Amino acid sequence: MEGESIYEVDSEDGVGADIISTVEFNHTGELLATGDKGGRVVIFQREPESKNEPHSQGEYNVYSTFQSHEPEFDYLKSLEIEEKINKIKWLPQQNAAHSLLSTNDKTIKLWKVTERDKRPEGYNLKDEEGKLKDLSTVTSLQVPVLKPMDLMVEVSPRRIFANGHTYHINSISVNSDCETYMSADDLRINLWHLAITDRSFNIVDIKPANMEDLTEVITASEFHPHHCNLFVYSSSKGSLRLCDMRASALCDKHSKLFEEPEDPSNRSFFSEIISSVSDVKFSHSGRFMLTRDYLTVKVWDLNMETKPIETYQVHDYLRSKLCSLYENDCIFDKFECAWNGSDSVIMTGAYNNFFRMFDRNTKRDVTLEASRESSKPRAILKPRRVCVGGKRRKDDISVDSLDFTKKILHTAWHPAENIIAIAATNNLYIFQDKVNSEMH
Amino acid sequence: MEFKLEAHRIVSISLGKIYNSRVQRGGIKLHKNLLVSLVLRSARQVYLSDPCLGGPGAGGPPQPPPAQQQQHQLPGEPAPGWGDPLPRDSSMEQDPEPAGAAPEPTALPLGLGKLPLEGSPLVTAEAVPEAPRRRVEAAERGGGGGEGAPVEGPPRARHFCCRRLGCSPHGAPRADCGCRPRPDDGLPPPPVCPRKRSASGAGGGPAGCLASGGSPVKKPRRDSEEQPGDQEEMETGNVANLITIFGSSFSGLLRKSPGGGREDEDGEEEEEPQRGPEAAEPGPMYCDKPVLRNLNPWSTAIVAF
C-alpha cells in the first residue's frame, strides 16, 4: 500500500477538538467526510484523474469545512451536550447536491452540500457591487447571464432532528429506501423520515421498567443494505439482533438473535466488557455481518445464529493485560470495522497506530502502521509485527512498548477501490493500493 | 489470595471510575457505567467468596438467592441491577459516615439491585446483612409514616417503584405496583444512617426523595410514568447510589460481623501478620488496618460528593 497523508491539524490550541471521531466515504467514493470532537465536519473530494499523470490516481483534497454541531447545555438537567460528531452517513445522491447526516449525542442534522461555479451578471437594477442603480441612467434592458466564477462549496443545514433521544446516540443508518433513516441510542432506536423533523417512530426500546434491571445497552445498529425492512443492532453483551419491521411496529422482539456462547476458559472479571460489540457492519452483499469486540472481529452469516463463521484475533496479546487496560480506560475503546468493496477483506484498527487487515479468502492477515514515516507520498507500507515473547525479530514491537494513546478507532474503505482512510487521533491518513487497484 | 487482592483493587478502581464519570463532560455514559458496574459486581463476588479472610463466604462460593426472592430474578442468578434503588442527590449536603456508625456490609449484588421483597430469606442466604435493604426498609416505614420522619433515620424516600407508578405519597402502594410492603419480620433495627437523600443530581434522577430535616430538597419528580419525548430524563441517578452503596459498605466488608467493632479488624490483622503495610493506590492492597484507614476516607469522599 502506498501512502499519502493529509489533513494534519496542528494542535497548538489543544489536541482535543481536532481528534477525528468518524470517517465515512460516500457511495461513489468521490467524497470522504470526517467529523471531529470539536463538532466540525471536513469533506474531502477526490481529484479526477488527470491525463497528464495517469499513474497518480486522484488525490483527496479538502472540499469543504463547516461547523456541524456546537456544544449545548441542557439547563433543565444540568447536562452539557458534547459537540463531538459521533457518526456521519451520506445519503445516496439524487441530484447535483450531496447530502449527509451528522450526529452528536443528541441531535442529528441533515446537511446539503452544493457547488456554485456560476454567477449571474448584468442585472438591470443593481450594479456590480449590488447597489441599486439610479434609474435615470438605465436606458435599455438586458438579460442577466451566468458567468463562470471560482468554485464555491456551500453547505447548509436542511433538517435538524432534535429531541428524539434521551440517551446518547451511538449510530445512524440510512435506509435503502432513501426516505427513512434510523438513529440508535443506548436504549432505543428511532425511525425518522428524512423530510420530517418533528416526530420520529420508536422501533426498539430495551429500557427496562425498572432501571435497576438494566443489563445491556444498544451499542450499534445498521439497516440492511438491500432489504429496507431489516436492520441489526448489537448489544453490550455481545449479541446481535436482526429485526424485521414488517413483523411488528415495535421491534423489541428480534427475528434472529446471533450469539456465541462464551468460552469458559477465558472467563475473567472483564469478560463482559470485552464481549461488548463496538461496531456492526453489513457486508456489501448483505449476506454477512461484521462485528468488532475488544479483541476480535467476527464475520456472521445471516443464516446462522449460533456462532460466527469466522473469527479473527486482532490483538490477542492484550488478553493478559486486561486489568491494566481497564485501569487506563483503554478497555472501553470502541473500535470500528470495515469491509472492502468486494467483501473479501476486512479491516479494523488497534493500538500504536496499527491497523489490521484480514483476507477472508487466503486467511492471511497484515498489520500496518499509520505514521508519518509510512505516509510519505509513494512510500510503501511495511507490515508490522507485535512480538509476544519468544524470538524477537528486528523491527518487532514488544507488547509492553505499544503506545495505547495512539489508537485507530475509525477506519473506512472506499466502496469500490482499494483506498482506505485511517483516522489516527487528529490525523487522517489515506492509503491506496496502486498495484491492486481492482478489487478481487 | 491473589484473586482477592485483585478483586479488591478492581473494586476500588471501579468505584473511582463511577465517581469520576459524574463530572465528565457530556453527562454520564450509560454504557461505560454499566460495564463498570458489571466488573464491580464480579469483583465483589470474588472478594466475598474468597474464604481467606474468614469473611462471609468462608463456606464456599456465595449461595444463590432463594428462588422465591425476586419475581424478576431467575433462581441462582445474581441480580443484574444497578444498586440501591433509592436515588441520591449529589448536590445535597451529605454527612460523612461517622466512623462509629455501623454501615452494614452490603449483601452480595444478588439482591443489591432489587428491592428486596422478603427480607429474612436474604439474610440467611448471606451471612452479611444487607445495609441498603435496611435503609429501604426504614425508608419504607418512614414513607409509610409520612414525611415527619425521625431525624436520624434513613431518608424518607418513597418506595422507588411506587413513586414511579404514582403510588400515594404515604406509601400505600397501588395494587398493580408490583412492590410488596416490607414485612416487619423481626430484623434488627435499621442502622443509624445520617446520610440524607433526595432527588439525585447529575442524571436528573428517576425520582426524588423527601429528605428529612430542613435541608433544601429538590421537588420529587412527577409521579406519573415519564412522558415521552423531551420530558424524560436520563436515568443515571442509580450510579450515585452505586457509589454510596459500594463506597460506604465496602469498608464494612472487611469486618467480620455486622456492627462489629474494631476488634474484628484486629482479628483480621492477626490472620495476616505477615502482610506489611499496604501501598497506596494503585498498588497492591493488603487486608490490613492501613487498608481500612485508606478505604474509609475513600468512601467518605464519595459520600460527601
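## The two chains

Helices here are DSSP runs of H or I with at least four residues, and strands are runs of E with at least two, each numbered from the N terminus. With that in hand, chain B of this predicted model reads α-α-α-α-α-α-α-α along its sequence. That pattern comes from eight helices and zero strands. Chain A, by comparison, holds two helices and 32 strands.

How much of each chain is buried? For chain A, it is 54% of its 440 residues; for chain B, it is 58% of its 305 residues. Contacts between residues far apart in sequence can be set out in a similar way. Taking contacts with a separation of 6 or more, residues 24 or more positions apart supply 53% of them in chain A and 72% of them in chain B.

## A helix pair in chain B

Let us turn to the start of chain B, where helix H1 (residues 2–21) packs with helix H2 (residues 30–49). Two packed helices are described by the angle between their axes and the distance between the axes. For this pair the angle is about 155° and the axes are 8 Å apart. Angles over 145 degrees count as roughly antiparallel, so H1(B) is roughly antiparallel to H2(B). The crossing of H1(B) past H2(B) is left-handed.

Which residues meet where these helices touch? From H1(B) come B:Phe3, B:Lys4, B:Ala7, B:His8, B:Ile10, B:Val11, B:Ser14, B:Leu15, B:Lys17, B:Ile18 and B:Ser21, while H2(B) brings B:Asn33, B:Val36, B:Val39, B:Leu40, B:Ala43, B:Arg44, B:Val46 and B:Tyr47. Sorted by character, the residues of this contact are 12 nonpolar, four polar and three charged.

## A strand residue in chain A

Over in chain A, A:Asn61 is a good residue to look up in the viewer. A:Asn61 sits in strand E5, which covers residues 60–67. Is A:Asn61 buried, partly exposed or exposed? Its relative accessible area is 32%, which places A:Asn61 in the partly exposed class.

Setting aside neighbours within four places in sequence, A:Asn61 is in contact with A:Ile43, A:Phe44, A:Gln45 and A:Glu47. One of these partners, A:Phe44, is 17 residues away in sequence, with a C-alpha to C-alpha distance of 5.1 Å from A:Asn61.

## Cysteines

How many disulfides does the whole structure contain? The search over all chains finds zero. Two cysteines of chain A can still be placed by their accessibility. A:Cys330 is buried at a relative accessible area of 5%, and A:Cys387 also counts as buried, at 7%.

Terms used: Residues numbered from 1 in each chain as written. Chains lettered and ligands numbered in written order. Predicted model: local features only at pLDDT ≥ 70, side-chain atom pairs only at ≥ 80, totals over all residues. Heavy atoms only, no water. Axes fitted to C-alpha atoms, helices over the stretch in contact; angles between N-to-C directions. Parallel < 35°, antiparallel > 145°, perpendicular 65-115°, else oblique. Left-handed = near helix turned anticlockwise from the far one by under 90°. Contact = heavy atoms within 4.5 Å. Nonpolar A, V, L, I, M, F, W, Y, C, P; charged D, E, K, R; others polar. Disulfide = S-S within 2.5 Å. Buried < 20%, exposed > 50% of the residue type's maximum accessible area, 1.4 Å probe, protein only.
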